[in-house]
Amino acid sequence: MKFHSIRFLAYCMAFSFYCTGFAKSAAPQPLYRDPIYDGAADPVVIWNPHKEVWWMYYTNRRANVKGLSGVAWVHGSPIGIAESSDGGTNWQYLQTADIDVGSVNTDSPLTYWAPDVITTPEGKHFMFLTLVPGIFENWNHPRSIVRLESDDMLHWKNAQKIPLASERVIDAAVFQLGPKKWRMWYNDETDGKAIYYADSEDLVDWVDRGKAVGDQAGEGPKVFRWKGHYWMVVDVWDGLGVYRSENATDWERIPGNLLKEPGIGMDDRVKGGHPEVVVKGDRCWLFYFVHPGRIEDQSHLSNDTQLRRSSIQVVELFLSDGRLVCDRDSPTYVDL
């Protein structure tokens, strides 16, 4: 299937869903901007059974705060929550997550990055969160991944630091491979930003297994199963690198990066980064964030906020000749 056929299929599916009443409007571009700091990044989307709505957790970078030098604006970030009551098309800001890291780290203030949130088949909620012990102007500081629990998906407690390959690990992505078999992928910054993994039977005790993929540097891995294969998409700062596997252990890199070519929509004229993927039956949606101000010609920008701010976007994925493809310029109808 050629790429123009993907666009034609996207339009056909959109028209079909419109006619049948399942989706009456395309997702807006951008899908979401944070109204507090304007720095929404690293999204994770999950059903909240307590409120019967979809929630999006995200790193809320302090993009519009003046007077922050270096990368201090990327630190001190809370975890924001947005809510969708229409199946993922429209999102409204709710509040920040109430996170208590307890005795894991007593330094204040703290930095929270890139959560992954899962609900087990038994209905228990867990967050896997990157914790940085302070607010810093550079990247040369420790970071760890902690596990937290929640009864309501808003208040998170019982923090546990997970022992992994080094003291500079970020961006956990957790997936259930089978009964009592959970796997976490993450970025080990000390090994050229390779993607590592660890296994657990209960989401409490973890055994690090070493490197998963290391043929290119990357971060923000996301693993999902769709169309008979496991897939991993990784932010490689040139779009998203794509890997395929039969067993979620041995990974084959697929040529070509998703979201490498800028789109034409509002806030979408740059490369996409740090993915989230939601699968529903045969359909699959890719959520990602962008820095809209970081276009090639930045001479018209008058302040740092325009370079720092970030937005969340969404596009539907398709499978073509064994590759993941998408058309970010076609209307995207979200039906989570």
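**Exercise 1. Asp238 and its partner**

Take Asp238, with a relative accessible area of 23%, and work out how its exposure is classed and which side chain it meets in a salt bridge.

*Solution.*
- Start with the class: buried needs under 20% and exposed needs over 50%, with partly exposed in between. At 23%, Asp238 is therefore partly exposed. Keep in mind that this is a predicted model.
- Next, the partner. Asp238 and Lys260 bring their side chains together in a salt bridge, at 3.5 Å from N to O.
- Now place the two ends: Asp238 sits in the loop between strand 15 (229-235) and strand 16 (240-245), while Lys260 is in the loop between strand 17 and strand 18, so this pair links distant parts of the chain, 22 residues apart.
- Lys260 counts as partly exposed too, because its relative accessibility is 35%.

**Exercise 2. Another pair that reaches across the chain**

Find the salt-bridge partner of Lys280, then say where both residues sit.

*Solution.*
- The partner is Asp335, and the N to O distance is 3.5 Å.
- Asp335 belongs to the segment after strand 21 (323-326) and Lys280 to strand 18; with their positions 55 residues apart, the pair links distant parts of the chain.
- As for cover, Lys280 has 38% relative accessibility and counts as partly exposed.

**Exercise 3. A salt bridge under cover**

Are Glu189 and Arg143 buried or exposed, and what does their contact tie together?

*Solution.*
- Begin with the contact: the two side chains meet in a salt bridge with an N to O distance of 2.7 Å.
- Glu189 is in the loop between strand 11 (181-188) and strand 12 (194-200), and Arg143 is in the loop between strand 7 and strand 8 (144-150), so parts that are 46 residues apart in sequence get tied together.
- Then check the areas. The cut-off for buried is under 20%; Glu189 comes in at 18% and Arg143 at 2%, so both are buried.
- Widen the view: a network of salt bridges links Arg143, Arg168, Glu189, Lys193 and Glu219.
- For the whole structure, the search turns up 21 salt bridges.

**Exercise 4. Reading an open sheet**

In what order do the five strands of the open sheet run, and which strands are at the edges?

*Solution.*
- The order is 5-9-8-7-6, with mixed pairing.
- Strand 5 and strand 6 are the edge strands, since each pairs on one side only.
- Look at strand 6 with strand 7 (residues 125-132): they pair in the antiparallel sense over seven bridges. Trp113 has Thr130 of strand 7 as its bridge partner, and Val117 has Met127.
- Their hairpin has five residues between the strands, and there Gly123 takes a positive phi near 90°.
- Being an edge strand doesn't leave strand 6 open: eight of its nine residues are buried, so the rest of the structure largely encloses it.

**Exercise 5. Charges at the surface**

Which residues make up the negative surface patch, and where does Asp100 fit in?

*Solution.*
- The patch is formed by Asp98, Asp100, Asp151 and Asp152.
- Asp100 is found in the loop between strand 5 (98-99) and strand 6 (111-119).
- A patch member needs over 30% relative accessible area. Asp100 has 45%, so it clears that cut-off and counts as partly exposed.

**Exercise 6. A glycine in a loop**

Locate Gly263 and decide whether it is buried or exposed.

*Solution.*
- Gly263 lies in the loop between strand 17 (252-258) and strand 18 (273-280).
- With 6% relative accessibility, Gly263 counts as buried.

Conventions. Residues numbered from 1 in each chain as written. Predicted model: local features only at pLDDT ≥ 70, side-chain atom pairs only at ≥ 80, totals over all residues. Heavy atoms only, no water. Patch = residues over 30% accessible without salt bridge, like charges linked within 9 Å, V, L, I, M, F, W, Y side chains within 5 Å. Areas by Shrake-Rupley, 256 points an atom, 1.4 Å probe, with all protein chains shown as cover. Salt bridge = Lys/Arg side-chain N within 4 Å of Asp/Glu carboxyl O. Lys, Arg positive; Asp, Glu negative; His and termini not counted. Charge placed at Lys NZ, Arg CZ, Asp CG, Glu CD. Helix = DSSP H or I, 4+ residues; strand = E, 2+ residues; numbered from the N terminus. Buried < 20%, exposed > 50% of the residue type's maximum accessible area, 1.4 Å probe, protein only. Pairing = 2+ DSSP bridges.
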